[in-house]
Amino acid sequence: MTSVAAQQMPYDLADPYRSLSLNTATTKRWTLTEAVDGAARAGLGAIGLWRDRVEEIGLAAAAKTVADAGLRVSSLCRGGFLTGPGDGQAALDDNRRAIDEAAALGTRELVMVMGGIPDRDLAAARARVEERLALLVPYAAERGVRLALEPLHPMFCADRAVISTLAQALSMAEPYPAEVVGVVVDTFHLWWDPLLEEQIAQAGAQGRISSYQVCDWLNPMAADPLLSRGMMGDGVVDFASIGGWVRTAGYRGDVEVEIFNAEVWAADGHRVIETMKQRYRDLVLPALAD
């Protein structure tokens, strides 16, 4: 298991990529083995894994592949989807499997996307999330895994995430120790929030920032909003301001680049990583470096 201390490190302009993580969603056409190899060859320090990529080669093989490449697993995506009707047992079982997978892969961060609205009762959907989160917390704590609650942009409230703001995520995390329940700061989902600086400061004061994920918000958007994430610098996100707030909040963990974009997916993966490195170095890292 990667310790908290090992994940927290000063950002270093002389060694700019040791805190940079390739999320496997960014190079969607690559297998896990190809993504790990690409990240390692590019000199990155970490990789963020999606469970479907892990499943392709099996948990033990995935853990060995990453370890042999000398990479950290910055996070595992995803758990959550806890809003369904009924007793939610299938979702709880799947989340327990995800917690076990995170522990086996050596990451303490399991990204949780909470799920949308199965009916017209938003309040009830959020209440189910709270009830089921309470059932998962002890299981995660026993395995040294933190449930990283990710708020998604409000346009995804109906189908993907009934948590839309960092304030909501912090409120849901509040009953639990920070080492067991944290929050994700994702620039695509949160850049618009007028209270974001205040909420990042609160998350930092509580020690709850589990992950800092970066990509841009494209304007105009793609026909499918889910695919409107862009490479840093191609959209409207102010990475200097948000990065400064994250730095001031005390976060010193890995920075994941997670992009859902059909053109990025169609491009050569190695070129995508090189562009990612350049944009990270020029636009993201200066705001984070001490």
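The accessible surface of this protein comes to about 11,500 Å², and 53% of that belongs to carbon and sulfur atoms. Keep in mind as you read that you're looking at a predicted model. Beneath that surface, buried residues make up 55% of the 290 residues.

**Overall build**

What is the chain folded into? The protein has 12 helices and 10 strands. Its radius of gyration is 18 Å, close to the 19 Å that the globule rule gives for 290 residues, so the protein is as compact as a globular protein of that length. If you lay the C-alpha trace along its principal axes, it spans about 50 × 45 × 40 Å.

Now think about who touches whom. Take the contacts between residues at least 6 apart in sequence: 81% of them join residues at least 24 apart.

**Two pockets**

Rolling a probe the size of a water molecule over the atoms shows where empty space is left. Here are two of the spots to look for in the model.

| Pocket | Volume | Lining by class |
|---|---|---|
| Largest pocket | about 300 Å³ | eight nonpolar, two polar, eight charged residues |
| Second largest pocket | about 230 Å³ | eight nonpolar, three polar, four charged residues |

Start with the largest pocket, at about 300 Å³. Which residues sit closest to its centre? Of the 18 that line the pocket, they are Ala 25, Trp 50, Arg 78, Glu 258 and Phe 260. Three elements each supply at least two residues of this lining: helix H3 (51-57), strand S3 (72-80) and helix H8 (187-190).

Next comes the second largest pocket, with about 230 Å³ of space. It is lined by 15 residues, and the closest to its centre are Leu 218, Asp 234, Asn 261, Glu 263 and Val 264. Two helices give two or more residues to this lining, namely H11 (262-266) and H12 (269-288). Which element gives the most? That's H12, with four residues.

**Odd spots in the backbone**

Remember Arg 78 from the largest pocket? Arg 78 is placed in strand S3, and the peptide bond that leads to it from Cys 77 is cis, with omega near 5 degrees. Another cis peptide bond joins Asn 219 and Pro 220, where omega is about 5 degrees. You'll find Pro 220 in the loop between strand S8 (216-217) and strand S9 (229-230).

Phe 81 has a quirk of another kind: its phi is positive, at about 50 degrees, although Phe 81 is not a glycine. This residue lies in the loop between S3 and helix H5 (89-105). Is Phe 81 buried or exposed? Neither label quite fits, because its relative accessible area is 33%, which makes it partly exposed.

**Three residues to find yourself**

Let's go to helix H5, where Arg 97 has its place. With 45% relative accessibility, Arg 97 counts as partly exposed, because that label covers the range between buried (under 20%) and exposed (over 50%). Arg 97 and Asp 68 are 29 residues apart along the chain, and their C-alpha atoms are separated by 24 Å.

Gly 269 is found in helix H12, the helix that gives four residues to the lining of the second largest pocket. Why does Gly 269 count as buried? Its relative accessible area is 9%, and buried means under 20%. Leaving aside neighbours within four places in sequence, Gly 269 is in contact with Thr 27 and Trp 30. Its C-alpha atom is 35 Å from that of Ala 90, a residue 179 places away along the chain.

Finally, look for Leu 13, in the loop between helix H1 (4-7) and strand S1 (20-23). At 57% relative accessibility, Leu 13 counts as exposed, because the cut-off for that is over 50%. Which residues does Leu 13 contact, leaving aside its neighbours within four places in sequence? They are Leu 285 and Ala 289. Now compare that with Gln 89: Leu 13 and Gln 89 are 76 residues apart in sequence, and in space they are 47 Å apart, C-alpha to C-alpha.

Technical notes. Residues are numbered from 1 along each chain as its sequence is written. This is a predicted model: local features need pLDDT of at least 70, side-chain atom pairs count only at pLDDT 80 or more; totals for chains, interfaces and linings use all residues. Side-chain values use heavy atoms; hydrogens and water are left out. On a 1 Å grid over the protein atoms alone, a cavity is a set of points where a 1.4 Å probe fits but cannot get out, and a pocket is an open set with protein on both sides within 12 Å along at least five of seven lines; lining residues have an atom within 4 Å of a point. Grid points are joined across faces, edges and corners, and a volume is the space filled by probe spheres set on the points. Ala, Val, Leu, Ile, Met, Phe, Trp, Tyr, Cys and Pro count as nonpolar, Asp, Glu, Lys and Arg as charged, and the others, Gly among them, as polar. The radius of gyration is taken over C-alpha atoms; the globule rule is 2.2 Å times the number of residues to the power 0.38. Buried means under 20% relative accessible area, exposed over 50%, partly exposed in between (1.4 Å probe, protein chains only). Contact means heavy atoms within 4.5 Å. Accessible areas come from the Shrake-Rupley method with a 1.4 Å probe; for residues, only the protein chains shown count as cover.
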